[in-house]
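Got a new structure open and not sure where to look? Let's walk through it together, one feature at a time.

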Amino acid sequence: MDIVKTPLNNVLAQRRSNSYRRSMRSCVEATNLGYTSGHLTALRIPRSRRTPKSRDITKQVDPDQVALLVTKEWELSYVTPLYQFRHTQLKSYSKHLSAFIVSEKQQGLAIEVGQELGFKVNFSVVLGLAETDEDAETVFIQILSRQAFAAKDDAQKVVWSGWLTCVNGDLEYLRSLPSEFVSLPLLCTRGPESLTVLVKSWFEKTFDCCFGPLGINSANLQWLAALWIGCHPNINIQYLKLVWTLPTLPPMDVKYTIHPQDAWELWHSVRQDDTTDVSIEEVTRFIKGLQSHFFRHFRIELSAGSLMQVSTALGSSHHSGKIKIASPTYITTILQLLTECALLKMPI
């Protein structure tokens, strides 16, 4: 597909970045170590995580921006570091991405959102989500459009949203990146897949990065279940729902709903010290306790299957790479875990 180049597609920058990326191709993701771009920094899978802390994030982040992030389901992707990305150039990026989408539409690429008169793109910074000086500030993107038969005074409607973020990213890794690169490893998108493809394509051509799907494996779903249960004394999670898929023919889905107080009492019994970080051993004992209780009642061994989904009143997450954060109170805890997942998933 031929693409009309913009001033952002600097040939020299592309050559330098391509050379850098090729030099890192031998770094591959492993089971316990994730090698990523930077100076061959090895990212280890955490064996412990900080206890979730209740925090009113609206004291640091504009409440209107927080409202854009919560109560919606997002599709997750990882993204490699962005070459020559600048937060000061967001207005320019808005114009260039808008022009790119219109150009692709004129070439006949299906957008799947009806007959639109045109597209407008807004880039903005979500200040306050960054937890350390090394975290880059979150970038939020909206694509708006007006239907072809809409009245002139009808406002454009949001047809796609996405945001790039880094919350409590690995300090050693972030400090190892060359200064030309900005790491915003987690992409959350919502809207037609065809627009997601176009946005990713523009980012890849403009900032010489690459994207990939970010599924949430069974181990990280167990972490989410434990972290959400740990929030129950401060905020009522209302329920804990777990979905396992068992390797039967055909595969069988088992939905397991636990009363929040029962789940909390089990969690409290496996916690060695409430003042310390949560360990992987504690998470494992908690999940095994739930599985043992289920087996005693139904004679079904959940450990033979895979955990596919976790949900509470605070949020939900699916193995396929979907997340919904229902409450902003513990948003940084969830985003830190997802940032870790994204950094470990990156192939270079």
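What follows is a short chat between a learner and a teacher.

Q: Before we start, what kind of model is this?
A: It's a predicted model, so let's keep that in mind as we read.

Q: Where do I begin with the nonpolar core, and which residues have the most contacts inside it?
A: Start with the general idea: in soluble globular proteins, nonpolar side chains tend to be buried together. Here, the largest nonpolar core has 94 residues. Inside that core, the residues with the most contacts are Phe85, Phe123, Phe203, Leu240 and Leu242.

Q: Let's zoom in on one of them. What is Phe203 in contact with, leaving aside its neighbours within four places in sequence?
A: With those neighbours set aside, Phe203 touches Leu82, Phe85, Phe123, Ile141 and Leu164. Its contacts also include Asp208, Cys209 and Phe211.

Q: Now a strand. Is S12 largely enclosed or exposed?
A: Count its buried residues. S12 covers residues 240-246, and five of the seven are buried, so the strand is largely enclosed by the rest of the structure.

Q: Which strands does S12 pair with, and how many bridges are there?
A: Take the partners in turn. Seven bridges join S12 to S13, residues 252-258, and these two strands run antiparallel. A hairpin links S12 to S13 through five residues, and Leu246 sits opposite Met252 in S13. With S15, residues 306-312, S12 shares five bridges, again running antiparallel. On that side, Thr245 has Ser306 as its bridge partner.

Q: How do I describe two packed helices, say H6 and H9?
A: Two packed helices are described by the angle between their axes and the distance between the axes. For H6 (residues 218-230) and H9 (residues 331-345), the angle is about 165° and the axes are 11 Å apart. Angles over 145 degrees count as roughly antiparallel, and H6 and H9 are therefore roughly antiparallel to each other. Their crossing is right-handed.

Q: Which residues meet where H6 and H9 pack?
A: From H6 come Asn220, Trp223, Leu224, Leu227 and Trp228. They meet Thr333, Ile334, Leu337 and Cys341 in H9.

Q: One last residue: where does Ser124 lie, and is Ser124 buried or partly exposed?
A: Look for Ser124 in strand S6, residues 116-126. Its relative accessibility is 27%, so Ser124 counts as partly exposed. Leaving aside neighbours within four places in sequence, Ser124 is in contact with Gln65, Leu90, Thr138, Val139 and Phe140. As for Gln142, it is 18 residues from Ser124 in sequence and 8.7 Å away in space, C-alpha to C-alpha.

Key
Residues are numbered from 1 along each chain as its sequence is written. This is a predicted model: local features need pLDDT of at least 70, side-chain atom pairs count only at pLDDT 80 or more; totals for chains, interfaces and linings use all residues. Side-chain values use heavy atoms; hydrogens and water are left out. A nonpolar core is a set of buried Ala, Val, Leu, Ile, Met, Phe, Trp, Tyr and Cys residues joined through side-chain atoms within 4.5 Å. Buried means under 20% relative accessible area, exposed over 50%, partly exposed in between (1.4 Å probe, protein chains only). Contact means heavy atoms within 4.5 Å. Helices (H or I, at least four residues) and strands (E, at least two) are DSSP runs, numbered from the N terminus. Two strands pair if DSSP finds at least two bridges between them. Axes are lines fitted to C-alpha atoms, for helices over the stretch in contact, and angles run from 0 to 180 degrees between N-to-C directions. Angles under 35 degrees count as roughly parallel, over 145 as roughly antiparallel, 65 to 115 as roughly perpendicular and the rest as oblique. A crossing is left-handed if the near helix is turned anticlockwise from the far one by less than a right angle, and right-handed if clockwise.
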